[in-house]
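Trainee: I am new to this structure and would like a close look at a single part of it. Please choose one and lead me from there into its surroundings.

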Amino acid sequence: MPLHFVPITEENRREVENLQLFPEQRSYIESVPECLAEAEQTREWRTVGIYDGPTVVGFAMYGCFAQPEPEGQLWLDRLLIDRAYQGRGYGAGAVAALLERLPKEYGKDRVFLSVYDDNQGAIRLYEKLGFAFNGELDTKGERVMVYTVPRPDAPTEREERERAHDRAV
């Protein structure tokens with residue numbers, strides 16, 4: 001699936017605002033209109049529609065903030081896939097594409113996000129893509145997860161397993 005990201009403008013705002021979640025998911029994330037209103041108040045936030053070809057399938061909001069680290073923290077703060085497109089791999093595809101894009105865009109080697117403990121589907125997805133809990137909570141009580149960009153010279157997971165196997169023999 002060739003996902004791409006389009007900044008929210010007056011031309012695509014309405015279609016992105018119409019993205020819907022299942023009722024049981026609404027406690028995990030604000031609505032797109034609420035996210036866009038927040039982004040208008042905080043210049044660090046960037047908002048994008050997630051598109052598969054010409055079809056909007058989701059929404060993301062991200063940004064880099066100077067605190068608490070002197071060099072800043074890069075946050076993937078909101079991710080929403082419309083309920084009509086869930087279960088098709090769009091969430092994993094969007095997060096993977098954002099993990100390729102955001103560290104380069106901001107020159108950072110870590111990406112932060114937060115998740116509620118009972119959002120097990122999201123937790124499994126984020127862990128599968130390389131995020132790990134760092135023991136912190138955000139201002140809403142969500143658990144913070146961090147993705148560290150692999151170094152180009154770092155061994156792959158397969159190479160690590162092979163080394164561990166060789167040491168064991």
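Mentor: Let us begin with β1 and β2, which pair in the antiparallel sense over five bridges; two strands are said to pair if DSSP finds at least two bridges between them, while strands (E, at least two residues) and helices (H or I, at least four residues) are DSSP runs numbered from the N terminus. Before going further, please keep in mind that this is a predicted model, in which local features need pLDDT of at least 70 and side-chain atom pairs count only at pLDDT 80 or more, whereas totals for chains, interfaces and linings use all residues. Residues are numbered from 1 along each chain as its sequence is written, and side-chain values use heavy atoms, with hydrogens and water left out.

Within the pairing of β1 and β2, F5 has I50 in β2 as its bridge partner. On to β3: β2 pairs with β3 in the antiparallel sense as well, over seven bridges, and R46 finds its bridge partner in Y62 of β3. These two strands, β2 and β3, make a hairpin with two residues between them, and G53 in the turn has a positive phi of about 60°. β2 is also mostly covered, since six of its seven residues are buried, where buried means under 20% relative accessible area, exposed means over 50%, and partly exposed lies in between (1.4 Å probe, protein chains only). As for confidence, β2 has the highest in the chain, at a mean of 97, whereas helix α5 (residues 157–168) has the lowest, at 68; the score in question is pLDDT, the predictor's confidence in each residue, from 0 to 100. The average pLDDT over the chain is 89, and 91% of the residues score at least 70. Where pLDDT is low, the predicted coordinates should not be read in detail.

Now widen the view to the sheet that contains β2. Seven strands form an open sheet in the order β1-β2-β3-β4-β5-β7-β6, and the pairing is mixed. The edges are β1 (3–7) and β6 (132–137), each of which pairs on one side only, and neighbouring strands of the sheet are turned by 35° against each other on average, direction ignored. Helix α2 (residues 32–41) packs on this sheet and touches β2 (46–52), β3 (55–65) and β4 (73–81), with a direction that makes about 30° with that of β3. Here contact means heavy atoms within 4.5 Å, and axes are lines fitted to C-alpha atoms, for helices over the stretch in contact, with angles that run from 0 to 180 degrees between N-to-C directions.

In α2, the residues V32, C35, L36 and A39 are buried. They cover an arc of only 95° around the axis, so they are on the same side of α2; the arc is that of the directions from the helix axis to the C-beta atoms. These buried residues of α2 pack against β2, β3 and β4, and also against α1 (13–17), while E40 and Q41, on the other side of α2, are exposed.

A second helix, α3 (residues 90–106), also reaches β2: α3 lies across β1, β2, β3, β4, β5 and β7, and runs at about 155° to β4. A94 lies in this helix and is buried, with a relative accessible area of 0%. Leaving aside residues up to four places away in sequence, A94 touches L3, F5, I50 and L79, which brings back F5 and I50, the bridge partners described above. Between A94 and Y51 there are 9.3 Å in space, C-alpha to C-alpha, although the two are 43 residues apart in sequence.

Finally, consider some charged side chains around this part. The structure holds eleven salt bridges, each being a side-chain nitrogen of Lys or Arg within 4 Å of a carboxyl oxygen of Asp or Glu. In helix α1, R13 and E17 lie four residues apart, about one turn of the helix; their side chains meet in a salt bridge at 3.1 Å, N to O, and both residues are buried. Another salt bridge joins the side chains of D77 and R78 at 2.8 Å, N to O; D77 is partly exposed, at 23% relative accessible area, whereas R78, at 6%, counts as buried. D77 and R78 also belong to a network of salt bridges that links them with E30, E38 and K140.
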